[in-house]
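Hello,

Here is the structure I promised to pass on. Please open it first, then read the notes below.

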Amino acid sequence: MENCCGLLTSQNKPVPLKSIEVELEVKDHVATVVSTLLYENKEDKPLEAVFVFPLPGDAAVCHFSAKIGQTQIVAEVKEKKEAREDYDDALSSGQQAFLLEESEQSPDIFSMSVGCLPPGESASIRLEYVTELAVQADDGLRFCLPAVLNPRYQPQGRVGSRHWKVLVTSVPASLVPYSLSFSARLSSPRPISKVESSCSLDPLQYLNTDQTQATIKLAAGHKFDRDVELLIYYKDSHQPTAVVEAGQASAKPGSLMGDPVVMVSLYPEFPQSVMSSVASCGEFVFLLDRSGSMDMQMSSANQQTRISSARDTLLLLLKSLPMGCYFNIYSFGSSYEHIFPQSVEYNQKTMEEALKKVEKMEANLGGTEILEPLQHIYRQPCIPSQPRQLFVFTDGEVENTKEVIDLVKKNSGSHRCFSFGIGEGASSALINGLAKEGGGHAQFITGTDRMQPKVMQSLRFALQPTVEDISVTWDLPKGVSVTVLSPPITALFQGQRSLVYGQLTGKSSKTPKGCVKVKYSLAGRRSKNKLYFSLKPAGDTGLTVHRLAAHTMIRTLETKEREDGGVKEKVVELSVQSGVSSSFTAFIAVNKSCSEAIQGPLVRRDVPTPVSCASYIYLDYCDYAEPDDYDYGGCLDNSYDYCDYAEPDDYENSACLNNSEDEPDYGAAPYELKCYEEKAPVPQQPHKDPLLQLISLQKASGSWLLDPALAAALGKTREEVEKSKPAQVNEEVWATILALIWLHGFKMDSKEEWELLAMKAASWLSAQNAACVPECVEAGNALLGCSVQKDALGL
């Protein structure tokens with residue numbers, strides 16, 4: 001493990017970062033984020049402050065500047081090696097310099113270096129990025145400001161880039177020594193209906209009577225124990241739109257930044273008759289993270305462990321699969337396991353065998369090596385007429401993010417990938433990248449979220465008929481042409497948005513209107529959607545659309561460079577031209593206005609980043625690294641140790657024990673690392689949910705048996721249930737109707753979780769051609785004290 005828990009700021013050495021102020025502006029489904037970081041050197045020597053922090057994986061970083069006194073220094077984008085050399089040269093000459101670079105392993109981690117900050121001096125750093133807001137299954141738009149950077153696992157035998165010598169310095173969230181303020185301004189052509197968050201927010205303030213503009217703030221006292229997540233809901237959100245943005249006046253005509261760019265947001269609507277049908281085939285492969293970190297609580301507000309929630313979710317998934325499909329379950333850590341040698345047909349026997357093994361799954365497989373199980377899955381031949389659907393559950397703490405995503409992309413023609421980020425700090429680059437390249441859908445489970453409804457939403461997507469032969473064509477006035485900048489659309493889902501960017505060239509004397517058409521095949525029928533739009537540029541977008549388009553092109557080219565090579569120079573050129581960061585470039589600013597060199601030895605200070613350790617964290621290796629060992633900082637031992645942060649007064653007793661007589665010298669640190677060989681205590685789990693208890697009794701066919709376990713789940717005795725059964729009615733039919741009545745009568749608030757398995761039960765009942773169904777429904781309502789109508793049960 002590299003940088004598994006990091007080094008902590010030494011005692012009496014103050015952290016130079018004092019505060020972070022974040023301003024968010026959301027226009028429809030696009031966000032602009034401006035972060036201002038205030039640094040202050042209260043020591044008697046010049047400092048170099050290094051801060052490693054997370055950003056959204058799809059953020060297009062487009063501005064970096066520093067203000068020292070009245071001097072404003074705006075950074076420029078350069079090739080990464082050149083930028084680093086400029087930074088090092090400036091520091092060696094006693095000049096102030098500022099460097100911002102993206103991790104070469106994962107695009108959601110950045111490092112900011114503030115160099116040569118003199119004693120008593122302050123510096124205000126401004127960082128700006130733009131990003132597209134992802135549409136959730138419930139139609140909300142999700143914005144996430146990552147505040148937590150969890151340890152990233154480096155697979156054994158792999159060595160990270162020697163250039164990325166950055167120590168991730170971590171502290172428990174409650175001990176972060178700087179403050180965060182966050183405010184947002186929202187605007188949309190449609191009314192804003194509500195804003196939700198797992199964090200404490202001040203009330204939403206509307207700025208106009210039609211409620212299309214609003215502001216909201218993060219309540220004071222954010223504890224850094226979770227990411228700052230906003231879910232924004234608009235009325236009538238499924239409206240396709242197109243925005244044309246004028247080019248930059250100073251840019252060369254014919255270039256990306258010099259020409260107008262159009263951003264088309266598509267929401268295809270499919271016939272309800274087709275979408276209501278559920279596929280009865282498919283190969284469903286579930287890949288579950290069983291690394292040590294999965295034994296942590298879901299959040300401070302949800303004390304169920306991640307692995308326990310995942311087990312409950314697999315129960316729901318296995319009960320909801322259609323008869324006739326195939327399935328398998330993989331789990332991984334430092335090694336991987338699979339329940340069956342290859343995918344098997346779904347029936348009662350295979351379902352029971354899988355559930356028995358799922359019940360015993362613990363977070364005990366060590367690290368987070370997801371690449372090898374994925375490779376094994378892709379080596380298995382696909383089953384004819386059974387489209388492969390891959391479901392990946394992970395807390396997203398891997399270092400080789402790009403390598404994993406590239407593998408999924410390489411195999412995207414043979415499957416769809418649905419990904420789930422579990423807990424605070426899950427890598428957005430990994431989770432979103434898996435779904436994007438795998439033609440699936442991504443979900444994040446944070447705060448008080450339950451995993452089950454979000455996963456079942458994705459299962460419904462997977463069971464929808466596959467949209468095939470997708471094409472996008474343009475109808476533009478004579479003299480106007482478009483160069484599509486986005487990769488081809490590979491997946492469409494009901495209610496989900498697809499974005500297309502295009503560079504417009506030429507002019508027309510006719511009415512400036514265009515049309516984009518999306519054609520596709522669904523359930524054997526050819527369909528198309530049209531969107532007409534004005535070619536007149538919008539007046540208030542700045543260069544947001546251009547930067548998002550440039551970011552899309554950069555990511556596409558970076559993937560091509562990793563696969564085939566030969567396009568790195570093009571990436572650098574595009575990054576420099578657009579002012580948008582890439583893995584091959586960095587922002588560099590040097591203060592050349594100061595005539596006197598800063599004197600004295602430069603002292604490095606690593607700004608700590610919060611980790612989501614509620615009370616404990618499992619680690620795969622344990623050893624203490626020296627401060628200068630930036631490549632291998634952290635705990636390195638070959639056991640699954642329980643690590644904890646000790647209070648300052650416990651320092652004398654804190655050490656990395658490892659069966660050693662000698663206590664290592666860590667230096668005077670206020671928060672030392674304590675490692676214990678014994679396994680951490682697992683929080684006591686609550687009693688089984690009554691809903692899961694009932695679901696666990698369902699057979700693979702969709703029916704229930706009339707037995708004491710079912711009666712208990714319904715809150716009745718076996719005698720009460722049997723006595724109420726209408727005469728001549730099959731016991732299995734009676735039991736299944738009772739289960740459906742109980743679900744509709746008592747668990748409608750959890751309908752998303754059981755809807756698919758209830759549909760399967762209704763289909764089984766219909767196949768029985770059972771008589772007296774109305775009589776059974778009436779008797780069942782009387783027994784359970786409900787008033788559910790027969791039609792509501794799908795019968």
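Is Arg-84 buried or exposed? Arg-84 is buried, at a relative accessible area of 15%. Keep in mind that this is a predicted model. The cut-off matters here: Arg-84 counts as buried because its 15% falls under the 20% limit.

Arg-84 has a charged partner. Its side chain meets that of Glu-104 in a salt bridge, at 3.5 Å from N to O. Arg-84 sits in helix α1 (residues 80-92), while Glu-104 sits in the loop between β7 (97-102) and β8 (109-117), so the pair ties together parts 20 residues apart in sequence. Glu-104 is partly exposed, with 25% relative accessibility.

Now the overall picture. The chain has 795 residues, and 59% of them are buried. It holds 16 helices and 39 strands. Take the contacts with a separation of 6 or more: residues 24 or more positions apart account for 74% of them. The exposed area of the chain is about 32,500 Å², with 48% supplied by carbon and sulfur atoms.

Back to charges. The salt bridge count for the model is 25. Two further pairs deserve a look.

- Arg-290 and Glu-337: their side chains form a salt bridge at 3.1 Å, N to O. Arg-290 is in the loop between β20 (283-289) and β21 (297-299), and Glu-337 is in strand β24 (residues 336-338), so the bridge ties together parts 47 residues apart in sequence. Arg-290 is buried, with a relative accessible area of 6%. Glu-337 is partly exposed at 37%.
- Glu-563 and Lys-409: this salt bridge spans 3.9 Å, N to O. It links distant parts of the chain, with Glu-563 in helix α9 (residues 544-563) and Lys-409 in helix α6 (residues 401-410), 154 residues apart. Both ends are partly exposed: Glu-563 has a relative accessible area of 40%, and Lys-409 has 30%.

There is also a network. Glu-76, Lys-78, Glu-82 and Asp-86 are joined into one by salt bridges that share partners.

Next, a helix and its surroundings. Which residues of helix α5 (residues 371-379) are buried? They are Leu-371, Pro-373, Leu-374, His-376, Ile-377 and Tyr-378. What do the buried residues of α5 pack against? Their neighbours are β20, β23 (326-332), β24, β26 (388-394), α6 and β27 (415-422). Some of these elements appeared above. The loop with Arg-290 follows β20, Glu-337 belongs to β24, and Lys-409 belongs to α6.

Last, a sheet. Eight strands form an open sheet with mixed pairing, in the order β5-β4-β9-β2-β1-β13-β16-β15. Which strands stand at the edges? They are β5 (71-74) and β15 (205-206). Each has a single partner strand, so one side of each is left without a neighbour in the sheet. For β15, two bridges make the join to strand β16 (residues 213-217), and the two run antiparallel. In that pairing, Tyr-206 stands opposite Ala-214 of β16.

Helix α9 packs on this sheet and touches β2 (30-40), β4 (60-68) and β9 (122-132). The direction of α9 makes about 75° with that of β9. Helix α9 also carries Glu-563, one end of the bridge to Lys-409.

Over to you.

Best wishes

Conventions
Residues are numbered from 1 along each chain as its sequence is written. This is a predicted model: local features need pLDDT of at least 70, side-chain atom pairs count only at pLDDT 80 or more; totals for chains, interfaces and linings use all residues. Side-chain values use heavy atoms; hydrogens and water are left out. Helices (H or I, at least four residues) and strands (E, at least two) are DSSP runs, numbered from the N terminus. Buried means under 20% relative accessible area, exposed over 50%, partly exposed in between (1.4 Å probe, protein chains only). Contact means heavy atoms within 4.5 Å. Accessible areas come from the Shrake-Rupley method with a 1.4 Å probe; for residues, only the protein chains shown count as cover. A salt bridge is a side-chain nitrogen of Lys or Arg within 4 Å of a carboxyl oxygen of Asp or Glu. Two strands pair if DSSP finds at least two bridges between them. Axes are lines fitted to C-alpha atoms, for helices over the stretch in contact, and angles run from 0 to 180 degrees between N-to-C directions.
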